[in-house]
Amino acid sequence: MTERRTFVIVDGENIDATLGNSLLGRRPTPEERPRWERVTTYAEQLWGQPTQGLFFLNASSGQLHTPFVQALLAMGYRPVPLSGGHDVKVVDVGIQRTLEAIAQRGDDAPVDVLLCSHDGDFAPQAGALLDAGHRVGLLGLREFMSTALTGLGLEVHDLEDDVAAFLSPLPRVRIIPLEEFDPAYFLR
């Protein structure tokens, strides 16, 4: 039996779209994107096991942003550039197939998953992973998580609050549990 490990599966399109469309109202700059090395470090500490990051990219245009791919490689991620027709959500399909493959693995290669996405399209595969005895967590911004995913009872790890993946605070408006409310934050 091999050592248990964690796959951090990143839906890069979804994270970028959430930041751009839901928070910033524009395409995020490199400085406003998550520090991806912090994500894998967090994942290793979270469950105390080796971690491998898989970063899914849409390469249907036939082009790759080489500096970004090189940065991912330098951080230990395995870029997964996928291409397909304009009517195919290639990143979603690739992630779904990957989650299905993990669920079908035997006990000789135990794997857990931290899924970095807000997309409810992965709920059936996440549920199958749970049913097969895998630990599954979600990485993202809590207020944008699909209820299809959170309804499975998955652990949610906030990229900003828990992982500290951003260099500066995001312009978020979210529900604050009273026991966590700090008036000083609003009095700045």
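Reader: Let's start with one residue: is Gln49 buried or exposed?
Author: Buried means under 20% relative accessible area, exposed means over 50%, and partly exposed is in between, using a 1.4 Å probe and protein chains only. Gln49 has a relative accessible area of 9%, so it counts as buried. Before we go on, keep in mind that this is a predicted model: local features need pLDDT of at least 70, side-chain atom pairs count only at pLDDT 80 or more, and totals for chains, interfaces and linings use all residues. Residues are numbered from 1 along each chain as its sequence is written, and side-chain values use heavy atoms, with hydrogens and water left out.

Reader: Where along the chain do I find Gln49?
Author: Helices (H or I, at least four residues) and strands (E, at least two) are DSSP runs, numbered from the N terminus. Gln49 sits in the loop that runs between α2 (36-47) and β2 (51-58).

Reader: And which side chain does the side chain of Gln49 make a polar contact with?
Author: A polar contact is a pair of N or O atoms within 3.5 Å; within protein, one must be able to donate a hydrogen and the other to accept it, and residues adjacent in sequence count only if both atoms are side-chain atoms. Here the partner is the side chain of Thr6, at 2.7 Å. Plain contact just asks for heavy atoms within 4.5 Å. Skipping neighbours within four places in sequence, Gln49 is in contact with Arg4, Arg5, Thr6, Glu44, Asp112 and Arg135.

Reader: Let's turn to the sheet. In what order do the strands come?
Author: Two strands pair if DSSP finds at least two bridges between them. In this model 6 strands make an open sheet, ordered β3-β2-β1-β4-β5-β6, with parallel pairing. β3 (77-82) and β6 (155-158) are at the edges with a single partner strand each, so each has one side without a neighbour in the sheet. From one strand to the next, the twist averages 25°.

Reader: How many bridges join β2 to β3?
Author: There are 6 bridges between β2 and β3, running parallel. To spot the pairing, look for Leu54, which stands opposite Arg78 in β3.

Reader: What about β4: how many of its residues are buried?
Author: 6 of the 6 residues in β4 are buried. On one side are Val111, Val113 and Leu115, and on the other Asp112, Leu114 and Cys116, with both faces covered. β4 pairs with β1 in the parallel sense over 6 bridges, and with β5 through 4 parallel bridges. Try following Val113: Phe7 stands opposite Val113, and Val136 is the bridge partner of Val113 in β5.

Reader: How do I read the direction of α1 against β1?
Author: Axes are lines fitted to C-alpha atoms, for helices over the stretch in contact, and angles run from 0 to 180 degrees between N-to-C directions. α1 runs at about 55° to β1 and lies across β1, β2 and β4. As for α2, it packs on the sheet and touches β1, β2, β3, β4, β5 (136-140) and β6, with its direction at about 140° to that of β4.

Reader: Which residues touch the most other members in the largest nonpolar core?
Author: In soluble globular proteins, nonpolar side chains tend to be buried together. A nonpolar core is a set of buried Ala, Val, Leu, Ile, Met, Phe, Trp, Tyr and Cys residues joined through side-chain atoms within 4.5 Å. The largest one here has 25 residues, and Trp36, Val39, Leu139 and Leu159 touch the most other members. Its largest share, 5 residues, comes from α2. There is also a second, separate core of 22 residues, including Val111, Phe122, Ala126 and Leu154.

Reader: How many aromatic pairs turn up in the whole structure?
Author: A pair of aromatic rings is described by the distance of the centres and the angle of the planes. Rings of Phe, Tyr and Trp (its six-membered ring) pair if their centres lie within 6.5 Å; planes under 30 degrees apart count as stacked, over 60 as edge-to-face and the rest as tilted. The search finds 5 aromatic pairs. Phe55 and Tyr77 have ring centres 6.1 Å apart and planes at 80°, so they are edge-to-face. This pair links distant parts of the chain, 22 residues apart, with Phe55 in β2 and Tyr77 in β3. Phe55 and Tyr77 are both buried, and they form one aromatic cluster with Trp36 and Phe68.

Reader: How does Phe68 count by relative accessibility?
Author: Phe68 is at 25%, so it counts as partly exposed. You'll find Phe68 in helix α3, touching Trp36, Phe55 and Leu57 once residues up to four places away in sequence are set aside.
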